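Hi everyone, thanks for coming. Could we have the structure up on the screen, please?

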Amino acid sequence: MTIATNPTADAWLRRYHPHDDAPVRLVCFPHAGSSAPYFLPMAAGLSAAVDVLSVQYPGRQERRHEPLIDNVDTLADRCTEVLRPALDRPFALFGHSLGATVAFEVARRLEAEARGPVHLFASGRRAPSRNRDESVHRRDDDGIIAEMRSLSGTDTRVFAEEELLRMVLPILRNDYKAAETYEYRDGPLLRCPITVLTGHDDPKVSVEEAEAWREHTAGRSVLHVYGGGHFFLAEHISAVLALVGASLRAA
């Protein structure tokens, strides 16, 4: 990746379909247990006017030997650090589930440096100020597997492969801990608009909790509700790509 001057950025950021001359960049943050390739369809489906970066958190895939980060604030600090060299043009942030919370905290940090995003896309996650008492990360392995099954976002072959499960479960437990122990702190409203995406039947996010993202920006906030559950993105990728592309053109 040639856009970064920070030597650690190559570990953190993936560009699957580089567009060096694109007028805007879109930085994507994965959900709990996931990794950068989750956003391959986003990188492939958007036009050459958008250069898509996908964040690779530590502890997964080629970074599997690195320590996991189980705290949203620490993760946001590290992401902000490695992103700075890539922010040489207007940029937007897209996060799904845990990734939406991380993207929000990154946006806050960058706006405090007067270099904030032109848009924030918050997908599959309740507003930061809406708390739930959740403790999936404290369950035993069977309990976490049950949670994975209930959300229907995991390739069913994983459940039949003990070796794969052994690799995935510590990451899931870690990421659920990050999501479930996150504590929102009052601060300045974001200045950028927020587009919120949610599944109508998502057990992790109610429509009211999704609408509450409007409380976190002085700009415009728009909610889009899709059919499906927590992983509605896979079912509606064409519609989501059209929405993201149109929003970035407007920005």
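I'll walk through the sheet, then one buried residue, then a pocket. Please keep in mind that this is a predicted model.

Let's begin with the sheet. It is an open sheet of 7 strands with mixed pairing, and the order is E1-E3-E2-E4-E5-E6-E7. Which strands stand at the edges? They are E1, residues 13–14, and E7. Each has a single partner strand, so one side of each is left without a neighbour in the sheet.

Let's stay with E1 for a moment. E1 pairs with strand E3, residues 50–55, in the antiparallel sense, over 2 bridges. If you want a spot to click on, find Arg-14: its bridge partner in E3 is Ser-54. Helix H3, residues 72–83, packs on the sheet here and touches E1, E2 and E3. The direction of H3 makes about 155° with that of E2.

Now for E2 itself, which covers residues 24–29. E2 and E3 pair in the parallel sense, over 5 bridges, and Val-27 stands opposite Leu-53 in E3. How many residues of E2 are buried? The count is 6 of the 6, so E2 is largely enclosed by the rest of the structure.

Here is a general point to help you picture that. In a regular strand, side chains alternate between the two faces of the sheet. In E2, both faces are covered: Val-24, Leu-26 and Cys-28 are buried on one side, and Arg-25, Val-27 and Phe-29 are buried on the other. Another helix to look at is H4, residues 98–112, which lies across E2, E4 and E5 and runs at about 150° to E4.

Next, the single residue. His-216 sits in the loop between helix H8 and strand E7. Is His-216 buried or exposed? Its relative accessibility is 3%, and the cut-off for buried is under 20%, so His-216 counts as buried. Setting aside neighbours within four places in sequence, the residues in contact with His-216 include Phe-104, Ala-127, Tyr-184 and Ile-194.

Last, the second largest pocket. It holds about 180 Å³ of space. Of the 14 residues lining it, the closest to its centre are Ala-49, Val-50, Gly-245, Leu-248 and Arg-249. Which helix gives the most to that lining? That is H10, residues 237–250, with 4 residues. By class, the lining has 10 nonpolar, 3 polar and 1 charged residues.

That's my tour, thanks for listening!

Technical notes. Residues are numbered from 1 along each chain as its sequence is written. This is a predicted model: local features need pLDDT of at least 70, side-chain atom pairs count only at pLDDT 80 or more; totals for chains, interfaces and linings use all residues. Side-chain values use heavy atoms; hydrogens and water are left out. On a 1 Å grid over the protein atoms alone, a cavity is a set of points where a 1.4 Å probe fits but cannot get out, and a pocket is an open set with protein on both sides within 12 Å along at least five of seven lines; lining residues have an atom within 4 Å of a point. Grid points are joined across faces, edges and corners, and a volume is the space filled by probe spheres set on the points. Ala, Val, Leu, Ile, Met, Phe, Trp, Tyr, Cys and Pro count as nonpolar, Asp, Glu, Lys and Arg as charged, and the others, Gly among them, as polar. Buried means under 20% relative accessible area, exposed over 50%, partly exposed in between (1.4 Å probe, protein chains only). Contact means heavy atoms within 4.5 Å. Two strands pair if DSSP finds at least two bridges between them. Axes are lines fitted to C-alpha atoms, for helices over the stretch in contact, and angles run from 0 to 180 degrees between N-to-C directions.
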